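Visitor: I am new to this structure and would like a close look at a single part of it, the place where the ligand sits. Please take me through it slowly and then show me how it fits into the rest of the chain.

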Amino acid sequence: MHIDLDAFFVSVEQVLNPDLQDKPVVVGGRADRRGVVAAASYEARRFGLHAGMPLATASRLCPQAIFIEGNFTRYREASKKFMAILADFSPFLEPVSLDEAYLDVTGFESIHGSIHKMAAKIKQQIKDELGLDASVGIASCKVVAKVASELSKPDGLLEVASGKERSFLAPLPVAQLPGVGKKTERILTGSGINTIGKISTTPPSTLKSHFGAFGELLHRFANGIDDREVEPPGAAKSISRETTFGEDTGDRSVLKATLRYLGERVGATLRQRGKQARCVTLKLRYADFTTVTRRHTLSHASNTDKAIFDTGLKLLKSEFTLGKQPVRLIGIGVSNLVEPGTQLDMLDSSAQRQEQLNKAIDRIRKKYGFTAIQTGMTLPLKDIFPENEGGYTLNTPSLSR
Ligand code: DCP
Ligand code: CA
C-alpha cells in the first residue's frame, strides 16, 4: 500500500480553520512576498496553481486565493499522528516523507476481509482522527502502488490486481512513472516514447544507452516489476536469497529442492548474525513476470533451517496450486529479526535438537564448504545448477540484505 495525504499543508490549515474549507488556499507565504507555493488546495489547483510556482504568479492566476504562511510544527505533529495510525495497521511501515508512506500488508487480508477493506478503514481512521483525506494505492509492488495512489487523488482508493501491473501502467504518460523527472521526460518524448507502455516495450539496451544503469530500472518499473522491500527505518534488515531458473519450471521437486537450498543459505546467514526471525516470506515470479510474495509469522522466533523451510514450503503449497504457470524465479527470506530468546525453545526439545543440528552442520560447512553436507531433498539441484565448494552456482547468487 502507498498512502499519501491530499494537499497536506493546506488540509491541516483547513482543519484548524474551517473558514478555509472548500476555498482556493495556498500555503507558502503572503502573495506579495517572494517565494513559492508549498501546497495548494485542490480548489486552487483548478486555476493552475501548484507546488513550486512563484507566489506572484499564483496570485495573478487566482487573485481570490487565500495565502497563508503556514506552520511547520503543526505539520510535523499531524505527520506523527498519521504515521501512528498506519503503524497500528501493520508494523511494516516505511515513511517516505511527512505525508507519505508505504505499508506492507502482505497476509493481512484475513484480518480485514480484504486489503481493499483494510485501506478503506485506514482512510476512515485518518479522516475521523485527523480530519484529513488520504489517497491509497494497492499493488504487488511499490512503484505500481505509488502510481495508483497518485492517480486516485484526491480522496482516492485504487487497487491494481496482481498480474495487471503492466496493463495498468501502459497508457499513462511517462512523467507518471516515479523516477522520471523533467529531463528524463524530455529525452523520452524526444525519442517518441510518450507512454509508460512504450518504455516497457523499448529494448533495455536502448534505454541503457540513454540513461545508463537507470535505464534498466526504468524498464523494470515500466513493466511493473519492482523488488524493493518495504523497509521500516532502523528495524533489523531482512535476509533473503532468490534465484532465477535457467528455464521456467513447474516441477514441484525442483521448486522444493531450490526452496530448501535457499532456505538453508538464509538460515546460515541468520545464525551467523546471531539473530532469530519472526517472519518468513516466499517470493515467486511466474513465467509472465507476475510476482507474488507470501508471508507467514511464526508463533515464536527461530533460526533453524527446519522452521524456515517448513514455513516456506507451507507458503509454496498454498500459493503454487494446480493450473499455475511455470515459475521463473523463487526466493525465500526472513524478516522481523530479533535477538535470540531461549525460554520458549527450552520447553520444546525438538526445537532444541534442531538448533544443535544446525550448529553442527554450520561447523562442518565452515570447514569443508557448503555442499559438503546436504539434505537429500536438495539432490535434484545437482542436475540444474553447477556445484562448487561454496554451494551451487545460482543465476542470481545472493540478493541478500
Ligand atoms: N511541499 C513543499 N514544497 C514542494 C512540494 C511539497 O513544501 N515543492 C510540502 C507541502 C505539501 C507536502 O510537502 O503539502 C506534501 O507534498 P506532496 O507532494 O505530497 O503534495 P500535497 O500533499 O500538497 O498534494 P497531493 O494531494 O498532490 O499529495
Ligand atoms: Ca501529499
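Guide: What follows begins at the ligand, moves to a strand beside it, and then turns to other parts of the chain.

The model is a predicted one, so every value here is computed from the predicted atoms. Ligand 1 is surrounded by 13 residues, and the closest of them are Ala 7, Phe 8, Phe 9, Tyr 42 and Arg 45. Sorted by character, the residues of this shell comprise 8 nonpolar and 5 charged ones, with no polar residue among them.

The backbone takes part in the contacts with the ligand at several places. At Ala 7, a backbone N or O atom lies 2.8 Å from an oxygen atom of ligand 1, while at Phe 9 a polar backbone atom is 3.0 Å from an oxygen atom of the ligand. Leu 5 also has a backbone N or O atom that lies 3.3 Å from an oxygen atom of ligand 1. On its own, ligand 1 has 550 Å² of accessible area, and the protein covers 64% of that area. Three elements each give two or more residues to the shell around ligand 1, namely strand E1 (2-5), helix H1 (8-16) and helix H2 (42-45).

Strand E1 deserves a longer look, and a useful question is which of its residues are buried on one side and which on the other. His 2 and Asp 4 are buried on one side, Ile 3 and Leu 5 are buried on the other, and both faces of E1 are therefore covered. E1 also has strand partners: with strand E7, residues 134-138, it pairs in the antiparallel sense over 4 bridges, and in that pairing Ile 3 stands opposite Val 136. With strand E6, residues 100-103, E1 again pairs in the antiparallel sense, here over 3 bridges, and His 2 stands opposite Tyr 102 in E6.

Elsewhere in the chain there is an open sheet of 3 strands, which run in the order E3-E2-E4 with mixed pairing. Its edge strands are E3 (39-40) and E4 (66-68), each of which pairs on one side only. Strand E2, residues 25-27, pairs with E4 in the parallel sense over 3 bridges, and the bridge partner of Val 26 in E4 is Phe 67.

Two helices complete the tour. Helix H13, residues 252-272, has 21 residues and should span 30 Å at 1.5 Å a residue, which agrees with its end C-alpha atoms being 30 Å apart. H13 is mostly covered, with 16 of its 21 residues buried, and the helix is followed by Gly 274, whose phi is positive, near 70 degrees. Helix H12, residues 213-222, contains His 219. His 219 has a relative accessibility of 16% and so counts as buried, the cut-off for that word being under 20%. The side chain of His 219 reaches the backbone oxygen of Thr 202 at 3.3 Å.

To set these parts in the whole, the chain has 401 residues, of which 46% count as buried, and its secondary structure comes to 16 helices and 14 strands. The C-alpha trace spans about 75 × 55 × 40 Å along its principal axes.

Note on methods. Residues are numbered from 1 along each chain as its sequence is written. Chains are lettered from A and ligands numbered from 1 in the order in which they are written. This is a predicted model: local features need pLDDT of at least 70, side-chain atom pairs count only at pLDDT 80 or more; totals for chains, interfaces and linings use all residues. Side-chain values use heavy atoms; hydrogens and water are left out. A residue is near a molecule or strand if one of its heavy atoms lies within 4 Å of it. A polar contact is a pair of N or O atoms within 3.5 Å; within protein, one must be able to donate a hydrogen and the other to accept it, and residues adjacent in sequence count only if both atoms are side-chain atoms. Accessible areas come from the Shrake-Rupley method with a 1.4 Å probe; for residues, only the protein chains shown count as cover. Ala, Val, Leu, Ile, Met, Phe, Trp, Tyr, Cys and Pro count as nonpolar, Asp, Glu, Lys and Arg as charged, and the others, Gly among them, as polar. Buried means under 20% relative accessible area, exposed over 50%, partly exposed in between (1.4 Å probe, protein chains only). Two strands pair if DSSP finds at least two bridges between them. The expected span of a helix is 1.5 Å times one less than its number of residues.
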